[in-house]
Amino acid sequence: MTASQIIVTLVGLIAIVSINYYFLHSGRSGGAVTTDDGRGRQRIRIEVQGGYSPAVVKVQAGRPVRLEFFRNETSGCTEEVVLPDFGIRTFLPAHRTTAVEFTPERPGSYEFTCGMGMVRGRIEAES
């Protein structure tokens, strides 16, 4: 193998690792702060930047939920959020907060993803 082949191979491996880290690091979970907005809705702010933070949020089933997605990037992958169990597909403009409202009627786990299905998050509805 020549020096240039070794360099090209190393650069390719670094690119693969970087891309996987970017898309798979969305499992970050932080302390989701659920607040009551005064109208009986549970309100959670989620930052979108290479993933969802927090990636897992806990809410009470049977109560309205307002997820406020703040998209702090311009990546094409995260320009849309999809909540298939609630029939929601919403565009997320860069550097803005977009609210998504729904009510999980039953306890359970509900997934949300980017439009491409690569960046994932989860809503845990508890009774």
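# A walk through the chain

Start with the whole thing in cartoon view: the chain has one helix and ten strands. Keep in mind that this is a predicted model. Trace the cartoon along the sequence and you get the pattern α-β-β-β-β-β-β-β-β-β-β. Switch on the surface for a moment: the accessible area comes to about 7300 Å², with 55% of that belonging to carbon and sulfur atoms. Of the 127 residues, 31% count as buried. Among contacts with a separation of 6 or more, 53% are between residues 24 or more positions apart.

**Stop one: the helix.** Select residues 3–24, which make up helix H1, and pick out Leu10 there. Leu10 is partly exposed, as its relative accessible area is 47%. Now add Met1 and Ile6 to the selection: together with Leu10 they make a nonpolar surface patch of about 340 Å².

**Stop two: strand E5.** Hop over to Leu67, which sits in strand E5. Leu67 has a relative accessible area of 0%, so it is buried. What surrounds Leu67, once its neighbours within four places in sequence are left aside? Show Ile44, Ile46, Val57, Leu83, Thr98, Ala99, Val100, Phe102 and Ile123, and you have its contacts. Put a distance label between the C-alpha atoms of Leu67 and Ala99: they are separated by 5.6 Å, although these residues are 32 apart along the chain.

**Stop three: the rings.** One of those contacts of Leu67, Phe102, is a good bridge to the aromatics. The structure holds five aromatic pairs. Select Phe86 with Phe102: the ring centres are 4.4 Å apart and the planes meet at 35 degrees, so this pair is tilted. Phe86 comes from the loop between strand E6 (80–83) and strand E7 (88–91), while Phe102 belongs to strand E8 (residues 96–102), so the pair ties together parts 16 residues apart in sequence. Are the two partners buried or exposed? Phe102 counts as buried, because its relative accessibility is 7%. Phe86 is partly exposed at 22%, and the cut-off for buried is under 20%. While you have rings on display, add Tyr52, Phe69 and Phe112, which ring pairs link into a cluster.

**Stop four: a buried threonine.** Next, go to Thr78, in the loop between strand E5 (65–71) and E6. Loop or not, Thr78 is buried, with a relative accessible area of just 1%. Show side chains here and look for Glu73: its side chain makes a polar contact with that of Thr78, at 2.7 Å. Beyond the neighbours within four places in sequence, the contacts of Thr78 are Val48, Arg71, Glu73, Leu92, Cys114 and Val119.

**Stop five: two backbone oddities.** Zoom in on the backbone between Ser53 and Pro54. Which way round is the peptide bond from Ser53 to Pro54, cis or trans? The bond is cis, with omega near 5 degrees. Pro54 itself is in the loop between strand E3 (52–53) and strand E4 (56–60).

Finish at His95, in the loop between E7 and E8. His95 is not a glycine, yet its phi is positive, at about 60 degrees. Turn the surface back on and you'll find His95 partly exposed, with 48% relative accessibility.

Key:
Residues are numbered from 1 along each chain as its sequence is written. This is a predicted model: local features need pLDDT of at least 70, side-chain atom pairs count only at pLDDT 80 or more; totals for chains, interfaces and linings use all residues. Side-chain values use heavy atoms; hydrogens and water are left out. Patches are made of residues with over 30% relative accessible area and no salt bridge: like charges are joined within 9 Å, nonpolar side chains (Val, Leu, Ile, Met, Phe, Trp, Tyr) within 5 Å. Accessible areas come from the Shrake-Rupley method with a 1.4 Å probe; for residues, only the protein chains shown count as cover. A salt bridge is a side-chain nitrogen of Lys or Arg within 4 Å of a carboxyl oxygen of Asp or Glu. Helices (H or I, at least four residues) and strands (E, at least two) are DSSP runs, numbered from the N terminus. Buried means under 20% relative accessible area, exposed over 50%, partly exposed in between (1.4 Å probe, protein chains only). Rings of Phe, Tyr and Trp (its six-membered ring) pair if their centres lie within 6.5 Å; planes under 30 degrees apart count as stacked, over 60 as edge-to-face and the rest as tilted. Contact means heavy atoms within 4.5 Å. A polar contact is a pair of N or O atoms within 3.5 Å; within protein, one must be able to donate a hydrogen and the other to accept it, and residues adjacent in sequence count only if both atoms are side-chain atoms.
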